[in-house]
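Got your viewer open? Here's a short tour, one selection at a time.

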Amino acid sequence: MPFVIRIHQTGGPEVMRWEEIALAEPAPGEVRVRHEAVGLNYIDVYHRSGLYPLQLPSGIGLEAAGVVDAVGSGVSDLSPGDRVAYAGGPVGAYSQVRCLPADRLLKLPDAISFATAAAMMLQGLTSAYLLRRTYRVQTGDAVLIHAAAGGVGLIACQWAKALGATVIGTVSTEAKAALAAAHGCDHVIDYTRENFPRRVREITAGTGVAVVYDGVGKDTFAGSLDSLRTCGMMVSFGNASGPVPPFDPLLLSQKGSLFLTRPTLMHYTAKRDDLLALGAELFDVVGSGKVRIEVHQTYPLAEAATAHRDLEARKHTGSTILLP
Ligand code: NDP
């Protein structure tokens, strides 16, 4: 009988329970996937804590890679034995095996291992839509990417650099600064010690950046607005430090007719064609070596609580996988 992690209440890492379940058969349109590696993402923390509400009890986790082992009726493009990966709902990726809609899966190129896939699908597809759809990074753009040594950060910085941008990254330690510099950052700012909008102005000769990718939220939001050029794009896509409090839209006018968006991967991949297109772009930059996927932490899936504690304590760099 397979095991899954479920939550019956929201709270700290301890609410995640390792439970045995019956092996389910795939419903029409679904496939069953035996997971080889599961991805850890900050959104898992928001689900567990209750910041992003789930209907309880619930599974948790949005990303994994594995092998199709059963196919429901009406599924024609996947067969048992196919290597697949996914990022996005329905929740429940923290599991040894699960059923999910076939149209949420991407077939994995042979060159991409299960570990790499589980490490890159959610953070890589996120980098893809942020850099290629939300604001299309152009050669010569200066861009600011917060938490540059994190999961999304290391991928997005390399990708932005490959697109010809001048990449400014923020981090909280010297070790993370070195890592960010080795993954595409032209300039690294320690935002726990330096005034980052002031440093951004210095680096950009007073102009400001074309776009800020801000997954940190509460602690960086105001400084991010102050880092933008006139008509720049503020992309607030996460809340690692807490959610951004309400603010007055007049600020966007005062700070230079700024644009603000609060995007999510789910909308950018809701249509199968959009998912396939972003997936192809991701596989391309990884396959060509422009973006290296860094799996820096690996935990047994049963020890997901420890992984959550370490992620929230900012101990992680790059991507993290959980082995079922
Ligand atoms: P990371 O690996 O980037 O981990 C979060 C990082 O945020 C930390 O390592 C830390 O880096 C930084 N941070 C700053 N302040 C805090 C704080 N108070 N507590 C914890 N961490 C803090 O995580 P992910 O790559 O999984 O996700 C990055 C962000 O992107 C998250 O906010 C996530 O929710 C968001 N996201 C949004 C998506 C969307 O579609 N909207 C999709 C995917 C991710 P440092 O120590 O250098 O400050």
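Start by selecting P57, which lies in the loop between helix 1 and strand 4 (58-59); helices (H or I, at least four residues) and strands (E, at least two) are DSSP runs, numbered from the N terminus. Before you go further: this is a predicted model, where local features need pLDDT of at least 70, side-chain atom pairs count only at pLDDT 80 or more, and totals for chains, interfaces and linings use all residues. Numbering runs from 1 along each chain as its sequence is written, and side-chain values use heavy atoms, with hydrogens and water left out.

Still on P57, check the peptide bond from L56: it's cis, with omega near -5 degrees. Next, pick G89 and P90, which are also joined by a cis peptide bond, omega about 0 degrees. P90 is in the loop between strand 6 (83-87) and strand 7 (97-101). Then hop to A147, in the loop between strand 9 (142-145) and helix 3. Its phi is positive, near 50 degrees. Why flag these spots? Because most residues other than glycine have a negative phi, and most peptide bonds are trans.

Now show the ligand and the 29 residues around it (near means a heavy atom within 4 Å). Y129, S172, K176, Y191 and G215 come nearest. The shell splits into 14 nonpolar, eleven polar and four charged residues (Ala, Val, Leu, Ile, Met, Phe, Trp, Tyr, Cys and Pro count as nonpolar, Asp, Glu, Lys and Arg as charged, and the others, Gly among them, as polar).

Color by helix: helix 1 (42-49), helix 2 (114-134), helix 3 (151-162) and helix 10 (304-312) each supply at least two shell residues, and helix 2 gives the most, with four. Color by domain instead, and you'll see that domain 1 (3-121 + 266-323) and domain 2 (139-262) both contribute to the shell, so the ligand lies between them; the bounds come from an automatic or database domain assignment.

Finally, zoom in on the polar contacts (N or O pairs within 3.5 Å). A polar side-chain atom of Y129 is 2.7 Å from a ligand oxygen, while for Q123 the side-chain distance to a ligand oxygen is 3.3 Å. At N239, select the backbone: a polar atom there is 3.3 Å from an oxygen of the ligand.

Technical notes:
A polar contact is a pair of N or O atoms within 3.5 Å; within protein, one must be able to donate a hydrogen and the other to accept it, and residues adjacent in sequence count only if both atoms are side-chain atoms.
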